[in-house]
Amino acid sequence: MKNYVKTLFTPTAIRQLIKVGLVGVVNTIFSFILFNIFLSLLGGTKTVDEGFNWEQFWAIALSFLIGTVVSYLLNRRWTFELSDQPDELRRETTHFFAINFAAWAITQFVVGSADWLWGPLTRMQQNFFYLGASGFIIIPKFAGYRDIVFRKAIDAQADSEQVIST
């Protein structure tokens with residue numbers, strides 16, 4: 001475990017983490033905008049007595065789904081600088097969406113729990129808990145992207161760069 005943690009602090013990993021963070025910031029802003037648009041369209045503020053807040057649930061789900069597609073494209077092309085490898089795209093996409101599904105579930109849990117405990121949440125409070133969940137999941141998402149989603153492509157790219165340099 002100690003050796004694995006060290007791999008998160010190599011120059012390449014730090015550069016990738018910064019890029020994942022920047023993609024995350026852009027994606028979070030984009031996702032926040034979508035989240036608030038969907039909340040407005042769906043009417044996402046309810047009292048606890050009115051039952052489960054489906055509007056809030058769907059606002060998070062839709063903004064996460066669209067944000068995941070944007071995040072995948074940005075991380076693949078810019079963060080990890082990978083070119084097309086059609087044989088890996090299906091596996092990568094499946095794993096990327098699985099990791100983001102887990103992140104979505106955590107976000108739903110955080111915002112939903114806050115709504116249940118202190119609800120109904122104001123729009124500001126909904127955004128606060130949504131942002132808190134986003135911050136909580138950034139490092140696990142980076143590790144998942146690097147070690148699960150794009151690992152084969154990163155290794156193949158490194159191998160081809162070694163062959164070219166020799």
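**Figure 1. Aromatic pairs in the predicted model, with Trp54 and Phe57 up close.** The count of aromatic pairs comes to 14. One of them joins Trp54 and Phe57, whose rings sit 5.3 Å apart, centre to centre, with 75° between the planes, an edge-to-face arrangement. Everything shown here and in the views below belongs to a predicted model. Both residues belong to helix 3 (residues 54-79), where they are 3 residues apart, about one turn of the helix. Their surroundings are worth a look too: Trp54 is partly exposed, with a relative accessible area of 47%, whereas Phe57 is buried, at 17%.

**Figure 2. Phe57 and Trp58, and the cluster around them.** How do the rings of Phe57 and Trp58 meet, edge-to-face or stacked? Their centres are 5.1 Å apart and their planes stand at 90°; planes over 60 degrees apart count as edge-to-face, so this pair is edge-to-face. Phe57 has a relative accessible area of 17% and is buried because the cut-off for that class is under 20%. Trp58, with 44%, is partly exposed. Widen the view a little and a single aromatic cluster comes together from Trp54, Phe57, Trp58, Phe101 and Trp104.

**Figure 3. Lys19 over the ring of Trp78.** Here a charged side chain meets an aromatic face: Lys19 lies over the face of Trp78. The distance to the ring centre is 5.1 Å.

**Figure 4. Helix 2 from end to end.** This helix covers residues 11-42, which makes 32 residues. From the first C-alpha to the last, helix 2 reaches 45 Å, close to the 46 Å expected at 1.5 Å a residue. Do look just past its end as well, where Gly43 takes a positive phi of about 70°.

**Figure 5. The largest pocket and its lining.** About 350 Å³ of space lies in this pocket. Its lining is made by 23 residues, and those closest to the pocket centre are Gly24, Asn27, Thr28, Ser134 and Lys141. Which elements give two or more residues to the lining? They are helix 2, helix 3 and helix 5 (123-149). Sorted by class, the lining of the largest pocket holds 9 nonpolar, 13 polar and 1 charged residues.

**Figure 6. Tyr130 in helix 5.** Tyr130 is found in helix 5. Is this residue buried or exposed? Its relative accessibility is 1%, and residues under 20% count as buried, so Tyr130 belongs to the buried class. In the same view you can find Gly112, 18 residues away from Tyr130 in sequence. In space, the two C-alpha atoms are 9.8 Å apart.

**Figure 7. Leu62 and Phe38.** Leu62 lies in helix 3. With a relative accessibility of 33%, Leu62 counts as partly exposed. Phe38 is 24 residues apart from Leu62 along the chain, and their C-alpha atoms are separated by 7.8 Å.

**Figure 8. Stepping back to the whole protein.** After the close-ups, here is the setting they come from. The secondary structure comes to 6 helices and 0 strands, and from the N terminus on the elements run α-α-α-α-α-α. Of the 166 residues of the protein, 40% count as buried. Phe57 and Tyr130, from the earlier views, are buried.

Technical notes
Residues numbered from 1 in each chain as written. Predicted model: local features only at pLDDT ≥ 70, side-chain atom pairs only at ≥ 80, totals over all residues. Heavy atoms only, no water. Helix = DSSP H or I, 4+ residues; strand = E, 2+ residues; numbered from the N terminus. Expected span 1.5 Å × (residues − 1). Phe/Tyr/Trp six-rings, centres within 6.5 Å; stacked < 30°, edge-to-face > 60°. Buried < 20%, exposed > 50% of the residue type's maximum accessible area, 1.4 Å probe, protein only. Lys NZ or Arg CZ within 6 Å of the ring centre and 35° of its normal. 1 Å grid on protein atoms, 1.4 Å probe; cavity = no way out; pocket = protein on both sides within 12 Å on 5 of 7 lines; lining within 4 Å. Points joined across faces, edges and corners; volume = space filled by probe spheres on them. Nonpolar A, V, L, I, M, F, W, Y, C, P; charged D, E, K, R; others polar.
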